[in-house]
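User: I am new to this structure and would like a close look at a single part of it. Please choose one strand-and-helix region, follow it from one element to the next, and then set it in its surroundings.

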Amino acid sequence: MTPDAAHLLALDPVGLGGVALRAPFGPARDAWLAALRTMLPDAAPWRRIPPDLPDNRLLGGLDLTATLSLGKPVAEHGVLAAVDQGVLLVAMAERMAPSTAARITAAMDQQDITVEREGLRLTAPTRFALVLLDEGIEPEERPPAALLERLAFRLTPETAPEPIDLSEARALLPRVTMPMEMLEALVAAAAALGVASPRATLFAIRAARAAAAIAGRRVVADDDAALAATLVLAPRATRNPAAEQDESPPPPPPPEDNPDTDETPPPPSPDQLQELLLAAAAANLPAHLLDEAQLKALSSRAGGGRAGAARQHAQTGRPMGARAGEPRGNNRLAVLDTLRAAAPWQALRKRPPHARIAIRREDFRIRQFKRRNETTSIFAVDASGSSALHRLAEAKGAVELLLADCYVRRDRVALVAFRGQAAEVLLPPTHALARAKRSLAALPGGGPTPLASGLDAALELARAEERAGRAALVVIMTDGRANIARDGTPGAARAQQDAMEAARALRLAGVSAILLDTAPRPQPAARALADAAGAVYLPMPAADAQRMSRAVGAAVQRLEAA
Amino acid sequence: MDGMLAAQKESRTATRKPVFPFTAIVGQEELKLALLLCAVDPMIGGVLALGDRGTGKSTAVRALAQLLPDMHVVLGDPYNAEPTPSTPPEQIAVARVPVVDLPLGASEDRVVGALDLERALTRGEKAFEPGLLARAHRGFLYIDEVNLLEDHLVDLLLDVAASGENVVEREGISLRHPARFVLVGSGNPEEGELRPQLLDRFGLAVDVRTPDDLPTRIAVVKRRDSYERDPHAFLRRHHKAEERQRAALLKARALLPRVKVPDAVLEDASRLCMALGTDGLRGELTLLRTARALAALDGKRVVSRDQLRRIALPSLRHRLRRNPLDDASSSSRVERALAETLPG
């Protein structure tokens, strides 16, 4: 039997950190989790938390209700302390609040938690495996990268692993050793796959040891290391080693196809071993790696985990008065307002003997904050032949100047280019200017104009930004002359029709837009497009980069003032 | 209360996994040196480590704190106060040098401290609940992903780190308490940049990269794996090296006040800063302070050009005026200026 990640994790839960299960809610996921749970020691805690658990529930703290009714500090243990020696599951992990993720990473690194507040000091060991239930669909909906980094496995459960008895393996595990050349081969395989973090290699080593223990071996065998490469290294690959060599043979068959034979071949050299590991990993490479073009987009999305309406409970920013509410979690109590709310009732309320004032839950007022709206400027740049040849350089110059403005304002920028058959998101929304500049410099020109696809791509980005609580501004740079329809077929009439439709979709979505007409002479087509999109139309007959930049800068300011 | 604290502290040391030893860290020489220099002279102003994930940044900080000798504190004092000659002996406790992590979502009241709500509400007392800055006093404040921290918090931290004092004026509370700590920030510049105004307030800046040669990577993994297999045995193997490093550090601290900077080195520092066009005098001041700490670490009483050259890169690379769109590496600019102004 080839062990599954569930077997390895059940055997060494703390050492392997855990697993990110990317799958929607459903029977496959439940069956996988049930198998994992069956194989864990009987007493192991198993706790499930929502993605935005407040600190006092996560770490522990003062139980405010009990404290108020008893009149002395009452401590409340947090989930992280309760889950020691067990498994912590986070539901909808792709929507995890960054602060929750930061608490969990700190607990995983230190293996204990300390809560210090006046009159209370809780210290508790917490060694647990983390299971992130990632229900994200869009590629950018991912759990926080800092957490993924600390988990050995990431997978989509398909078949339920068969539960096995791990008691013998558990006894054997501390004595399993790994030959040095195998360790070296694993490091080399990680390097070849473009896996930078040493953590990944360490997880692979632990996974290989666990696999050996399950097979009853004291020394890690090649099959164990190959399994570890498949399960741990391959999903993190940022490079397809097979694609590096031009005329490489198709990836060798996955390890399942290698029959388990008892005849042991002579020990392979580290080089051979590395090849074996890479071949095993090839079976489980992320699908997009097989396409080099998409690779760039992936690595630039490293941030992750910011999706969702995290901004709603803004706890920082400019104060905006107070409202009634519980001072739980990240809400901050407005002391004066609370006292003010309690004041009229003092004569009526029975006061605890030692207290000077009687405060009840209904008096609590919490602070509200207003956060400056972040803006994302999405540039949709027409890089086609008609537009490109003489205007692309100026469009690039304008974008660069705007980038410098965005840098000062700490806004985000994104870049969509359309030319040839389709639009491409060259730069997902980012603060990183150097990267923006690189992707801009690499933008080639020429080819027909798939205007509709460009507008669609910009709209999709704008929607994603608004979902994340940021204002979006779409800056379209085109001469308005489309000649490729949405489905990639040529033909000016269809293309123009599709473009108008895409423009109307922008207006319907309520996205603010600016259209910079980059043609040498103002084009009626561009004007009509701007009207359909509800966009500000700026003909730029003698536009230079400075003027474009000023026009867009003014629009951003209007957007932020709104 | 005191007995309880002591008991809790014992249980804490018992459960905590031993810290990876500083001297066992493979590579990352620049980061290790920067941290050591700040430990010799905390006034250098902290370290900013920019680079990839999983390169041992937080390991290095925790390891260094472990390396430092335990400090005497007033028992139960929330600010890690140093005992004075008048402190009764039974009030003196021994504590580890604190390393405080600043979580990304931290709010201002958690950082600077705030009115103790529970006491205000349940007992009607106006009491101050110290924040993370109080806990970091005489130790290290580590901020992972400092580039993602909100600007006003970074401002505040840098102010406190520079002045050594936390001034609280909020919710009817007015107090100040000492908060001298070494600020260590880390982050991945690909995920967002730090404003230039904040960059140059860090004393030193180091680039942390995943080693790209195979032998080093193998050595990193081997060391770490053998540590994870048996931390206590690993610690015993590195005990001697740790003791040596600790002794060198203490010697350097004792030597530091007596280290002299000759005028020629002062001139070298100014020439270097002028060649690079750094704003203000912070560059020169950091260069001198850091060179002095390095001389002390080398066991020298006089700073030489060699020490200046060795610390020029981390002291200056984040102080260059730059076009935000220009990705020419600032490290190479410092190196070039170094070769031109201080030919060795």
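Analyst: A good place to begin is Val474(A), whose bridge partner in strand β16 of chain A is Ala513(A). What follows describes a predicted model, and the part to be followed is the run of strands around this pair. Val474(A) belongs to strand β15, residues 471–478 of chain A, and β16(A) covers residues 512–517. The two strands run parallel and are joined by six bridges, another of the pairs being Met477(A) with Leu516(A).

β15(A) also has a partner in strand β12, residues 375–382 of chain A, with which it pairs in the parallel sense over seven bridges. Here Val474(A) appears again, since it is the bridge partner of Ile378(A). Val474(A) is thus bridged to Ile378(A) and also to Ala513(A). Because seven of the eight residues of β15(A) are buried, this strand is largely enclosed by the rest of the structure.

How does the chain get from β15(A) to β16(A), and with which hand? Helix α20, residues 492–508 of chain A, makes a right-handed β-α-β unit together with β15(A) and β16(A).

β16(A) itself is largely enclosed by the rest of the structure, because six of its six residues are buried. In a regular strand, side chains alternate between the two faces of the sheet. In β16(A), Ser512(A), Ile514(A) and Leu516(A) point one way, whereas Ala513(A), Leu515(A) and Asp517(A) point the other way, and both sets are buried.

From here the arrangement continues to strand β17, residues 536–539 of chain A, which runs parallel to β16(A) and is joined to it by four bridges. Leu516(A), already met as the partner of Met477(A), has Leu538(A) as its bridge partner in β17(A). The chain crosses from β16(A) to β17(A) through helix α21, residues 524–533 of chain A, and this β-α-β crossover is right-handed as well.

A newcomer should also know how confident the predictor is. Chain A has a mean pLDDT of 76, with 76% of its residues reaching 70 or more. Among its elements, strand β5 (residues 87–90) has the highest mean pLDDT, at 93, and helix α15 (residues 292–299) the lowest, at 34. Over residues 244–268 of chain A the pLDDT is below 50, and this stretch has 17 contacts in the model beyond near neighbours in sequence. Residues 290–315 of chain A likewise stay under 50, and there the model has 52 contacts beyond four places in sequence. For the model as a whole, the scores are ipTM 0.72 and pTM 0.67.

Chain B offers a second set of parallel strands to look at beside this one. Its open sheet of five strands follows the order β4-β7-β10-β1-β11, with parallel pairing. β4 (99–102) and β11 (204–208) of chain B stand at the edges with a single partner strand each, so one side of each is left without a neighbour in the sheet. From one strand to the next, the twist averages 20 degrees. At the β4(B) edge, four bridges join this strand to the parallel strand β7, residues 139–143 of chain B, and Val99(B) stands opposite Phe140(B) in β7(B). Helix α3, residues 57–67 of chain B, lies across β1, β4, β7, β10 and β11 of that chain, running at about 170 degrees to β7(B).

A link between the chains appears at helix α9, residues 214–229 of chain B. At 1.5 Å a residue, its 16 residues should span 22 Å, which agrees with the 22 Å between its end C-alpha atoms. Its buried residues are Arg217(B), Ile218(B), Val220(B), Val221(B), Arg224(B) and Tyr227(B), and what covers them includes α10 (180–192) and α11 (198–214) of chain A together with α10 (231–237) of chain B.

As for confidence in chain B, the pLDDT averages 81, and 86% of the residues score at least 70. Helix α11 (residues 239–255) has the highest mean among the elements of chain B, at 93, and helix α1 (residues 2–15) the lowest, at 40. Over residues 1–15 of chain B the pLDDT stays under 50, with 10 contacts in the model beyond four places in sequence.

Conventions: Residues numbered from 1 in each chain as written. Chains lettered and ligands numbered in written order. Predicted model: local features only at pLDDT ≥ 70, side-chain atom pairs only at ≥ 80, totals over all residues. Buried ≥ 20, exposed ≤ 12 C-beta atoms within 10 Å, placed from the backbone. Pairing = 2+ DSSP bridges. Right-handed = clockwise from strand over helix to strand, strands pointing away. Axes fitted to C-alpha atoms, helices over the stretch in contact; angles between N-to-C directions. Contact = placed C-beta atoms within 7 Å. pLDDT = per-residue confidence, 0-100. Expected span 1.5 Å × (residues − 1).
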